[in-house]
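The following paragraphs go through one protein chain, starting with its charged contacts and ending with its overall make-up. Please keep the sequence and the structure in view while reading.

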Amino acid sequence: MKSKMLLIVLSSAMFFSTIPTYAQTPIVLQINNTIMTVNGIEKEIDSESIIINNHTLLPIRAVIEEIGGTVNWNNEKQEITLTYSIYSRKFSF
């Protein structure tokens, strides 16, 4: 399970590296904390950022949705779809 989570984080990093970004929405996440700060406003999120084997894992749903994207889970296919603007990536387990 940990390797699957790491795969999602690394894959989503590649996904976002292809999207033009503009620092319009500062998002601050702290390790082992379920508070996310967006534009200086604190928000409670479902899960916390953690470090496993020197890799930082982020609650990707909270981040994606905060910047206006969507996260969809297809239980039948065991597949997650991350969508932002015109960009979309699917990851299967």
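The structure, which is a predicted model, holds two salt bridges. One of them is formed by the side chains of E66 and K43, with a distance of 3.1 Å from N to O. E66 belongs to helix α2 and K43 to strand β3, so this pair ties together parts of the chain that are 23 residues apart in sequence. The relative accessible area of E66 is 24%, which makes E66 partly exposed. K43 has a relative accessibility of 32% and counts as partly exposed.

The side chains of R61 and E65 also meet in a salt bridge, here at 3.0 Å from N to O. Both R61 and E65 lie in helix α2, where four residues, or about one turn of the helix, separate them. R61 is partly exposed, because its relative accessibility of 37% falls between the limits of 20% for buried and 50% for exposed. E65, with a relative accessibility of 42%, counts as partly exposed.

Strand β3, where K43 is found, is part of an open sheet. Three strands make up this sheet in the order β1-β2-β3, and their pairing is antiparallel. Its edge strands are β1, residues 27-29, and β3, residues 41-44, each of which pairs on one side only. On average, and with direction ignored, neighbouring strands of the sheet are turned by 25° against each other. Strand β2 covers residues 35-38 and runs antiparallel to β1, to which three bridges join it. In this arrangement I27 stands opposite V38 of β2.

Helix α2 comes up again in the nonpolar interior. Which residues form the largest nonpolar core? There are six of them: I60, I64, V71, I80, L82 and F91. Helix α2, residues 60-66, and strand β7 are the elements that give two or more residues to this core.

I80, one of the core residues, has contacts that reach several parts of the chain. With neighbours within four places in sequence left aside, I80 is in contact with V71, N72, W73, R89, K90, F91 and F93. Among these partners, V71 and F91 are themselves members of the core.

Is T81 buried or exposed? The relative accessibility of T81 is 14%, so T81 counts as buried, the limit being under 20%. T81 lies in strand β7, which spans residues 79-84. Apart from neighbours within four places in sequence, the contacts of T81 are T70, V71, N72, S88, R89 and K90.

These parts can now be placed in the whole chain. The chain contains two helices and eight strands. Read from the N terminus, its elements follow the order α-β-β-β-β-β-α-β-β-β. Of the 93 residues in the chain, 25% are buried. Where contacts join residues at least 6 apart in sequence, 31% of them link residues at least 24 apart. The accessible surface of the chain comes to about 6400 Å², and carbon and sulfur atoms account for 52% of this surface.

Note on methods
Residues are numbered from 1 along each chain as its sequence is written. This is a predicted model: local features need pLDDT of at least 70, side-chain atom pairs count only at pLDDT 80 or more; totals for chains, interfaces and linings use all residues. Side-chain values use heavy atoms; hydrogens and water are left out. Buried means under 20% relative accessible area, exposed over 50%, partly exposed in between (1.4 Å probe, protein chains only). Contact means heavy atoms within 4.5 Å. Two strands pair if DSSP finds at least two bridges between them. Axes are lines fitted to C-alpha atoms, for helices over the stretch in contact, and angles run from 0 to 180 degrees between N-to-C directions. A nonpolar core is a set of buried Ala, Val, Leu, Ile, Met, Phe, Trp, Tyr and Cys residues joined through side-chain atoms within 4.5 Å. Accessible areas come from the Shrake-Rupley method with a 1.4 Å probe; for residues, only the protein chains shown count as cover. A salt bridge is a side-chain nitrogen of Lys or Arg within 4 Å of a carboxyl oxygen of Asp or Glu.
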